[in-house]
Amino acid sequence: MDKKTAAYDVIIAGAGPTGLMLAGELAMAGVRCRVVERREDRTRESRALGLHGRTMEVLNMRGLAEEVLARANPVPRVRVSLGDSLFDMGRLATDYGQLTIIPQGETEEILEKRATGLGVVVDRGVALTDCRQEGRIVSVTLEQDGREWEETASWLVGCDGSRSRVREAMGAEFTGATYPYTIIVADVKLGTPLDDQLLIRVGRAGLVVATDFGNGWYRMGVIDRDKPWSDNPVTLAEVDQTLRKLFGKDMRPSEPLWTSRFHIQERQASFYRKGRMVIAGDAAHVHSPLGGQGLNLGIQDAMNLGWKLSAVVKGRSADDLIDTFAEERRRVSQGVIKVTDIATRMMTSDRLPARIARKAVMTVASRVPATHQTAVGHLSGIYTSYPSMGAAAGASPLVGTRVPDLKIAGRGTPQRVHEALRQGGFVLIDSGTGAPLLPSVPETDVNLVRLAGRVVADSGQWRKPEVILIRPDGYCAWAGTRARAQAELSNTYLRWIQA
């Protein structure tokens, strides 16, 4: 075996969206990072194809949203056939009130271009076959074309999917269940066009999710309760037959670009970190694809972990900061698993109580304004929050919630929060006057951007605090009056920078 030592702070296993997003975050902070990927090429199939509102905000915080939109088909509304229910994401208080339809391969291309432009090495065709921690070093065994060697790094992050080798090496259980039915996916043209860009058609036999790519092709994701598992490839004839059954008419599918079938699972790792090995994305959690959350959770995992791991590697924070990644993101994925499990079972059941319940639930959720807003808010990730951040007595209810792209008016041209976050540091909004806040942090410190001015336009509750401190991942770390900030802000900042 060849012995080889790599001069990297972090090795990432997996060059999917989660791994590439994380690599970009680390490299932006000056962390020496390498990505190894067993596949020879980027994903060529569409696979995961919907970016929700919060994910688009995250990409905007890193200057990537415009390129994504230039390649995408924005879909603001989702129609569910039950009671002709319509869910309008355009009502959300965000610039991205939509499901942004873009093939996974193109998302990966955008994220990889950013990462490699920052100096990340992405080695494809290289499989991680083993890993172990030895003190403060992680050793990994890599294999390519029959040649095997070892490399070392200070940290290893497994973004290597549901069959994660890193998770296995950590000894984390991947508990959960496999559903008794399978899903068929086909990207095809339809001779019978649909009136909606995104339609969930539910019937007694199962359901189909039809998504318009905007270029003549549709993604058809089908759950047929009565269809047995098969190891055979999905054929166009099978797609045609299944769509006839679920739509009750000939949809005339043709020119398939990609087809697949797979079991639906819901699983979560028992822990996300062991020493200097961490997992994220599908390596940490998988769930029903209903709602299109998988890729979105992975990118947001990377956004949460990236700045924290960078701070630890650079010596600004203790290792314990990584534990907040597991605490915050594990709670989010638990919630998604619970909701998608209930929805999938209810939507695919042929029992009368379930059929009655799903129609009633969809009708109320789509037509009662408050319920509708809650449903699309959670679906889009806009309502995702981290309650543990606001555990301190007297904390503002804004702490732990996502900060929108606020406009700050001070001297000169108004500034936007998401643009200020593109440096990858904290952002401090101060609308008051007096002695500088956080005086121990030099004005030249790139880890803190100061915005002097007040929140303008229709920003609701965000106009009330005089001072707002925002984490690099766009969540509120502190909010309140300037008087309280003089007493509390330094401790809050040190909580994250010197955990």
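This is a short tutorial dialogue on reading salt bridges, a helix and a hairpin in a predicted model.

User: Let's start with charges. How many salt bridges are there here?

Analyst: The general idea is that side chains of opposite charge can pair when their charged atoms come close. In this predicted model, the count comes to 44 salt bridges.

User: Which residue forms a salt bridge with Asp-123?

Analyst: That's Arg-34, with the closest N and O atoms 2.3 Å apart. Asp-123 sits in strand E9 (residues 121-124) and Arg-34 in strand E3 (residues 33-37), so this pair ties together parts that are 89 residues apart in sequence.

User: And is Arg-34 buried or exposed?

Analyst: Arg-34 counts as buried, because its relative accessibility is 6% and the cut-off for buried is under 20%. Asp-123 has a relative accessible area of 22%, so Asp-123 is partly exposed.

User: What about a pair inside one helix? Where do Glu-57 and Arg-54 lie?

Analyst: They're both in helix H2, 3 residues apart, which means about one helical turn separates them. Their side chains meet in a salt bridge, at 2.7 Å from N to O, and both residues are buried.

User: How many residues of H2 are buried?

Analyst: Helix H2 runs over residues 53-60 and is mostly covered, with 8 of its 8 residues buried. Besides the charged pair, the buried residues include Met-56, Val-58 and Leu-59.

User: Which side chain does Asp-430 meet in a salt bridge?

Analyst: Asp-430 meets Arg-482, at 2.9 Å from N to O. Here a strand is joined to a helix: Asp-430 is in E23 (residues 426-430) and Arg-482 in H12 (residues 482-497), so the pair ties together parts 52 residues apart in sequence. Asp-430 is buried, with a relative accessible area of 14%, and Arg-482 is also buried, at 9% relative accessibility.

User: Which residues are linked in a network of salt bridges?

Analyst: Look at Glu-67, Arg-71, Glu-106, Glu-109 and Lys-113; salt bridges link these five into a network.

User: Now strands. Do E26 and E27 run parallel or antiparallel?

Analyst: Strand E26 (residues 467-470) and E27 run antiparallel, joined by 4 bridges. To follow the pairing by eye, start at Ile-468, whose bridge partner in E27 is Ala-479.

User: What do E26 and E27 form together?

Analyst: A hairpin, with 5 residues between the two strands. Check Gly-474 in the turn, which has a positive phi of about 85°. Strand E27 itself (residues 476-480) is mostly covered, with 5 of its 5 residues buried.

How values were computed
Residues numbered from 1 in each chain as written. Predicted model: local features only at pLDDT ≥ 70, side-chain atom pairs only at ≥ 80, totals over all residues. Heavy atoms only, no water. Buried < 20%, exposed > 50% of the residue type's maximum accessible area, 1.4 Å probe, protein only. Pairing = 2+ DSSP bridges. Salt bridge = Lys/Arg side-chain N within 4 Å of Asp/Glu carboxyl O.
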